[in-house]
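Student: I'd like to talk through this fold with you before I write up my notes. Could you bring the structure up for us?

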Amino acid sequence: MTEPVDTTDVSDPSDVSDPSDAADPSDAAEQADAAEQADLSHVRADGSAHMVDVSAKDVTDRSATATATLVTRPDVVARILDGSLPKGEVIGTARIAAIMAVKKTSDLIPLCHPLPIAGVQVDITGADDRVLIEVSVRTTSRTGVEMEALTGASVAALTVYDMVKAVDRAASITDVRVLEKHGGRSGDWSNR
């Protein structure tokens with residue numbers, strides 16, 4: 001069998017690739033970083049953060065629920081539930097703190113849009129050595145309310161900590177996370 005003959009004319013120097021034209025590995029890394037940042041809606045190609053323009057999104061009903069947990073001693077949880085702590089009624093105070101925090105989220109988180117809050121539900125329960133806080137937020141807007149729900153749950157937990165620290169400075173706040181979201185272009189999501 002005869003080997004094929006290469007008939008490519010390489011006499012023209014412009015047809016021969018120059019080894020210095022090979023891709024620079026640092027260029028590839030920069031391109032990968034740029035592609036990754038393109039997936040981040042709050043980051044421009046140059047890496048700077050900005051507020052996303054949501055004007056093209058549809059106004060839809062949206063909701064999100066977030067949670068936070070305060071871990072303390074069982075006797076402290078019992079006093080939270082019966083209202084006998086030195087600073088007074090914890091659950092009502094933390095509920096109001098959560099609602100206020102939800103409404104102030106865009107003042108606290110730099111890239112959040114101010115949103116019309118349609119409703120906030122705050123559930124605070126206690127069992128064993130834990131106080132469980134769940135905050136659900138609703139809006140009709142162009143962007144979701146996950147950050148509002150997280151902010152409400154966080155500030156409620158901070159409020160509970162503030163009110164129990166006189167009897168348990170070792171109390172801790174854990175498991176701050178989004179439980180679920182509904183509405184918007186990405187649809188429904190749950191982590192329950």
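Tutor: Here it is, and we can go from the overall layout to the sheet and then to the core, keeping in mind that this is a predicted model.

Student: OK, how many helices and strands does the protein have?

Tutor: The secondary structure comes to five helices and five strands, and along the sequence these follow the pattern α-β-α-α-α-β-β-α-β-β.

Student: And in what order do the strands sit in the sheet?

Tutor: The five strands form an open sheet in the order β2-β3-β1-β4-β5, with antiparallel pairing. The edge strands are β2 and β5, the latter covering residues 189-190, and each of them pairs on one side only.

Student: What joins β1 to β4?

Tutor: Eight bridges join β1 to β4, which spans residues 172-182, and the two strands run antiparallel. As one example of that pairing, Leu-70 has Ile-173 in β4 as its bridge partner.

Student: Now the other side: over how many bridges do β2 and β3 pair?

Tutor: β2 and β3 pair over 10 bridges, again in the antiparallel sense, and Gly-126 has Val-131 in β3 as its bridge partner. The two strands form a hairpin with two residues between them, and in the turn Asp-128 has a positive phi of about 55°.

Student: Switching topic, where does α5 lie?

Tutor: Helix α5 lies across β1, β2, β3 and β4, and its direction is at about 25° to that of β1.

Student: Which elements give two or more residues to the largest nonpolar core?

Tutor: That core has 31 residues, of which Ile-80, Ile-124, Val-131, Ile-133, Val-135, Val-160 and Val-164 touch the most other members. The elements giving two or more residues are β1 (60-71), α2 (74-82), α3 (90-103), β2 (117-127), β3 (130-141) and α5 (146-164), and α5 gives the most, with eight residues.

Student: Take Val-160 then, what is it in contact with?

Tutor: Leaving aside neighbours within four places in sequence, Val-160 is in contact with Leu-70, Ile-80, Val-90, Ala-94 and Ile-133. Leu-70 is the residue we met earlier as the bridge partner of Ile-173.

Student: Last bit, what are the totals for burial and surface?

Tutor: Of the 192 residues, 32% count as buried, while the accessible surface comes to about 11800 Å², with 54% of it belonging to carbon and sulfur atoms. As for contacts between residues at least 6 apart in sequence, 70% join residues at least 24 apart.

How values were computed. Residues numbered from 1 in each chain as written. Predicted model: local features only at pLDDT ≥ 70, side-chain atom pairs only at ≥ 80, totals over all residues. Heavy atoms only, no water. Helix = DSSP H or I, 4+ residues; strand = E, 2+ residues; numbered from the N terminus. Buried < 20%, exposed > 50% of the residue type's maximum accessible area, 1.4 Å probe, protein only. Contact = heavy atoms within 4.5 Å. Areas by Shrake-Rupley, 256 points an atom, 1.4 Å probe, with all protein chains shown as cover. Core = buried A, V, L, I, M, F, W, Y, C linked by side-chain atoms within 4.5 Å. Pairing = 2+ DSSP bridges. Axes fitted to C-alpha atoms, helices over the stretch in contact; angles between N-to-C directions.
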